[in-house]
Amino acid sequence: MSGTLPDPPGHRDTGEPPAAPADPWSALRRHTPARIAPGRAGTSLPTSEVLRFAAAHAAARDAVHLPLDVAALLEDLRAHGFEASTATSRAAARVEYLTRPDLGRQLAPGAADALADEGDGGLCIVVADGLSAIAAQRHAVPLLLALRERGLVADRLVVATQARVALGDAIGERVGASLVLVLIGERPGLSSPDSLGAYLTWQPKSGRVDSERNCVSNIRPEGLPLPDAAARIAWLVGESRRRRLTGIGLKDDSELPRVADGGAPAT
């Protein structure tokens with residue numbers, strides 16, 4: 001039997017390869033930096049996606065290892081009317097900081113001696129490098145300015161290096177603060193190398209645990225915008241002072257409507 005089979009309905013041989021179907025994930029990609037359906041080349045990822053992943057991984061590694069430029073940060077703080085002292089943890093080098101988290105929670109003996117116990121019972125704000133010094137370098141001063149616009153100013157401001165969150169407890173206890181707010185670089189992700197976290201602890205002292213703190217996370221322009229973060233932090237500070245606690249006993253109801261007299265959120 002001779003002859004050719006007819007073309008399928010709707011098919012016309014133009015000599016060009018058929019157009020690729022529309023990517024159903026395109027609409028979702030506009031709303032998230034997550035790597036959704038990166039595609040494939042054979043059994044592998046496309047070269048462009050491999051390069052993007054490598055660049056993001058390098059940025060995350062840099063965020064962990066780059067040191068905080070303390071001199072530049074102090075100059076930036078002074079330029080905006082903030083005076084700060086400095087402190088460091090017992091982790092003597094970055095490798096030790098990464099491998100010995102316990103040392104990052106303890107004040108170095110010399111740093112403890114340099115922090116005077118003023119016993120004012122006020123708010124101590126600690127700006128710390130944490131696991132992303134670039135987060136503190138980029139966002140700490142703008143966040144302090146946003147807090148100041150809301151009437152929240154530290155009684156004591158300290159810039160800390162090789163610091164874990166709990167180092168704020170030791171610093172707050174040493175300076176006699178009733179409340180400590182630690183602004184610290186968070187562990188970087190592949191789409192967030194400069195995320196800043198804010199940790200609030202009532203009556204700071206060595207040995208406090210995470211359940212005794214409140215946290216506002218992912219503070220950066222691409223995450224929680226700084227004005228929104230400042231509003232949330234200011235609310236938590238106010239409620240902490242009023243109720244004399246932080247942690248699991250203090251729920252973040254900052255976005256709930258409040259009654260007319262400024263009391264508890266309306267139910």
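Before looking at helix 2, I note that the expected span of a helix is 1.5 Å times one less than its number of residues. The model I am reading is a predicted one.

**Entry 1, helix 2**

I took helix 2, residues 47-65, and compared its length with that rule: at 1.5 Å a residue its 19 residues should span 27 Å, and since the C-alpha atoms at its ends are 27 Å apart, the two agree. I then asked which residues of helix 2 are buried. I found Glu 49, Ala 56, Ala 60, Ala 63 and Val 64 to be buried. Looking down the axis of helix 2, I see that its buried residues fall within an arc of 100°, so they line one face of the helix. The general background is that an α-helix has 3.6 residues a turn, so residues three or four places apart point the same way. On the face turned away from the buried side of helix 2 I looked up Thr 47 and Leu 51, which are exposed. As for what covers the buried residues of helix 2, I list helix 4 (94-99) and helix 6 (133-149) as included in the cover.

**Entry 2, the sheet**

I next traced the sheet, which is open and made of six strands in the order 1-3-2-4-5-6, with mixed pairing. Its edge strands are strand 1 (85-88) and strand 6 (213-219), each of which pairs on one side only. From one strand to the next, I note a twist that averages 20°.

For the parallel part, I looked at strand 2 (residues 123-128) and strand 3 (residues 156-161), which pair in that sense over five bridges; here the bridge partner of Val 127 is Val 159 in strand 3. I also looked up helix 8 (residues 226-243), which packs on the sheet and touches strand 2, strand 4 (179-185), strand 5 (196-202) and strand 6, its direction making about 175° with that of strand 6.

**Entry 3, strand 5 and its neighbours**

Is strand 5 largely enclosed by the rest of the structure, or open to the outside, and how many of its residues are buried? I count six of its seven residues as buried, so strand 5 is largely enclosed by the rest of the structure. Towards strand 4, the pairing of strand 5 is antiparallel and runs over seven bridges, and within strand 5 I find Thr 201 opposite Val 180. Strand 5 and strand 6 also run antiparallel, joined by five bridges, and there I find Tyr 199 standing opposite Cys 215 of strand 6.

Terms used:
Residues are numbered from 1 along each chain as its sequence is written. This is a predicted model: local features need pLDDT of at least 70, side-chain atom pairs count only at pLDDT 80 or more; totals for chains, interfaces and linings use all residues. Side-chain values use heavy atoms; hydrogens and water are left out. Helices (H or I, at least four residues) and strands (E, at least two) are DSSP runs, numbered from the N terminus. Buried means under 20% relative accessible area, exposed over 50%, partly exposed in between (1.4 Å probe, protein chains only). The arc is that of the directions from the helix axis to the C-beta atoms. Contact means heavy atoms within 4.5 Å. Two strands pair if DSSP finds at least two bridges between them. Axes are lines fitted to C-alpha atoms, for helices over the stretch in contact, and angles run from 0 to 180 degrees between N-to-C directions.
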